[in-house]
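Student: Please pick one part of this model and look at it closely with me. I would like a connected account of how that part is packed against its surroundings.

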Amino acid sequence: MSMFKRIAISNRSLCPRPLWEQAALLGGRIDALILREKDLKEWEYEALALKVKQVCQRQGIRLICHTFVQATRKIGCDAIHLPLALLLENQGLLDDFALIGASVHSLEEAKAAQGAGAHYVTAGNIFETDCKPGLPGKGTDFLRALCRETQLEVYALGGITDDNEAEILRTGASGACRMFGYMK
């Protein structure tokens, strides 16, 4: 089994400082950063991604861009994370990326992502989270099934904390993603 990885998912509105400064503070704590700022226009995203990429390179953090395929190519980033619908839409057109990920919420979606060329999936929400109030967590059995039924790296998402990360590790997941814990 590969080493358990920790991934930050960005949300600049949660940061007490500019996002690139927040990323600098995460050096040594995380393996990768998914730059998820999908509310931005593509040119704004590209400018932000360029700043964040420089910080990630200095800190030894893998930058994974989100949603904006052309901006990701323009800044020379080789990793992309897409909502499943966008992955399916771009199937066969992403061969220039070394790492392709997708967001999934069911085993069927995970299998579709695998068929469309994804290397990994983020699966959630595993536990209750403030991001999705009122939505119950899918639990660790869901995560265990994704790990067992696909050949993908599976990363848990939703309500992950220091207190429950060991539960994630026991499922066979490749790692865990956090937003609040890393952005605040």
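Tutor: For the angle between two axes, under 35 degrees counts as roughly parallel, over 145 as roughly antiparallel, 65 to 115 as roughly perpendicular, and the rest as oblique. The model is predicted, so local features need pLDDT of at least 70 and side-chain atom pairs count only at pLDDT 80 or more, while totals for chains, interfaces and linings use all residues. Residues are numbered from 1 along each chain as its sequence is written, and side-chain values use heavy atoms, with hydrogens and water left out.

The part I have chosen is helix 6, residues 139-149; helices (H or I, at least four residues) and strands (E, at least two) are DSSP runs, numbered from the N terminus. Two packed helices are described by the angle between their axes and the distance between the axes. The axis of helix 6 comes within 10 Å of that of helix 5 (residues 107-115), and the two cross at roughly 30 degrees, where axes are lines fitted to C-alpha atoms, for helices over the stretch in contact, and angles run from 0 to 180 degrees between N-to-C directions. Helix 5 and helix 6 are therefore roughly parallel to each other.

In this pairing, F142, A145, L146 and E149 of helix 6 meet L107, A110 and K111 of helix 5, contact meaning heavy atoms within 4.5 Å. Sorted by class, five residues of this contact are nonpolar, none is polar and two are charged; here Ala, Val, Leu, Ile, Met, Phe, Trp, Tyr, Cys and Pro count as nonpolar, Asp, Glu, Lys and Arg as charged, and the others, Gly among them, as polar.

Beyond helix 5, the buried residues of helix 6 are also covered by strand 5 (99-104), strand 6 (120-124), strand 7 (153-157) and helix 7 (165-170), among the elements included. Those buried residues are G139, T140, F142, L143, A145, L146 and C147, with buried meaning under 20% relative accessible area, exposed over 50% and partly exposed in between (1.4 Å probe, protein chains only).

The approach to this helix is also worth following. T129 sits in the loop between strand 6 and helix 6, and T129 is buried, with a relative accessible area of 14%. Leaving aside residues up to four places away in sequence, T129 touches G158 and G159.
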